[in-house]
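Hi,

Here is the structure I said I would pass on. Have a look at it first, and then read my notes below.

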Amino acid sequence: MTNTTQLRVYRHLLREINRQFTPVTKNKAWSIQLRQQWLEASRNPGSNNTDFKAAQNALTYMANNRQYKELLAEFNPKMSEGDRIEKTARRVGLEAPKSYDDVSNPSI
């Protein structure tokens with residue numbers, strides 16, 4: 001691995017941690033821990049690639065998880081059960097039948 005590749009992964013990891021964890025908890029413990037581990041690994045030039053692969057996997061998971069949450073919030077907003085059924089039916093090209101909600105309606 002080149003140093004630029006490792007530095008890129010470190011920066012992206014730090015960015016994802018700051019996007020996902022720091023605003024929620026107002027706690028910089030995750031970024032501090034990552035920085036300490038990065039400095040420790042950079043001091044050992046003979047460190048193995050398993051740590052780097054684990055960092056890449058963690059970065060991929062965190063980025064995809066954030067994207068999933070954004071898409072879920074965008075396309076599945078909180079709505080009532082009836083609205084959700086109608087919207088789902090329209091999405092696949094169907095029209096949901098009208099439900100009978102009022103039992104005391106004498107017009108039938």
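**Notes on helix 1**

I'd start with E16, which sits in helix 1. Keep in mind that this is a predicted model, and every value here was computed from it.

Is E16 buried or exposed? Its relative accessibility is 5%, and buried means under 20%, so E16 counts as buried. Setting aside neighbours within four places in sequence, E16 is in contact with L59, M62, A63 and R66.

Q20 makes a good companion to look at, as Q20 is also part of helix 1. With a relative accessibility of 16%, Q20 counts as buried too. The side chains of Q20 and E16 are joined by a polar contact of 2.9 Å. A general point helps here: an α-helix has 3.6 residues a turn, so residues three or four places apart point the same way. The side chain of Q20 also gets to the backbone oxygen of M62, at 2.7 Å. Beyond its neighbours within four places in sequence, Q20 touches M62, A63 and R66. M62, A63 and R66 are on the contact list of E16 as well.

Now zoom out to the whole helix. Helix 1 is made up of 18 residues and spans 26 Å from its first C-alpha to its last, close to the 26 Å expected at 1.5 Å a residue. Which residues of helix 1 are buried? They are V9, Y10, L13, L14, E16, I17 and Q20. Looking down the axis of helix 1, you'll find these buried residues within an arc of 165 degrees, so they line one face of the helix. What covers them includes helix 2 (22-25), helix 3 (29-43) and helix 4.

That brings me to the core. The largest nonpolar core has ten residues, namely V9, Y10, L13, L14, I17, L34, F52, A55, L59 and M62. Helix 1 (3-20) and helix 4 (49-75) each put in at least two of them. Helix 1 has the largest share, with five residues. L59 and M62, both members of this core, turn up among the contacts of E16, and M62 is also in contact with Q20.

One more residue to click on is Y10, another member of that core. What does Y10 contact, leaving aside its neighbours within four places in sequence? The answer is L34, R35 and W38, and L34 belongs to the core as well.

Cheers

Definitions and conventions: Residues numbered from 1 in each chain as written. Predicted model: local features only at pLDDT ≥ 70, side-chain atom pairs only at ≥ 80, totals over all residues. Heavy atoms only, no water. Core = buried A, V, L, I, M, F, W, Y, C linked by side-chain atoms within 4.5 Å. Buried < 20%, exposed > 50% of the residue type's maximum accessible area, 1.4 Å probe, protein only. Helix = DSSP H or I, 4+ residues; strand = E, 2+ residues; numbered from the N terminus. Contact = heavy atoms within 4.5 Å. Expected span 1.5 Å × (residues − 1). Arc of directions from axis to C-beta. Polar contact = N/O pair within 3.5 Å; in protein donor to acceptor, adjacent residues only side chain to side chain.
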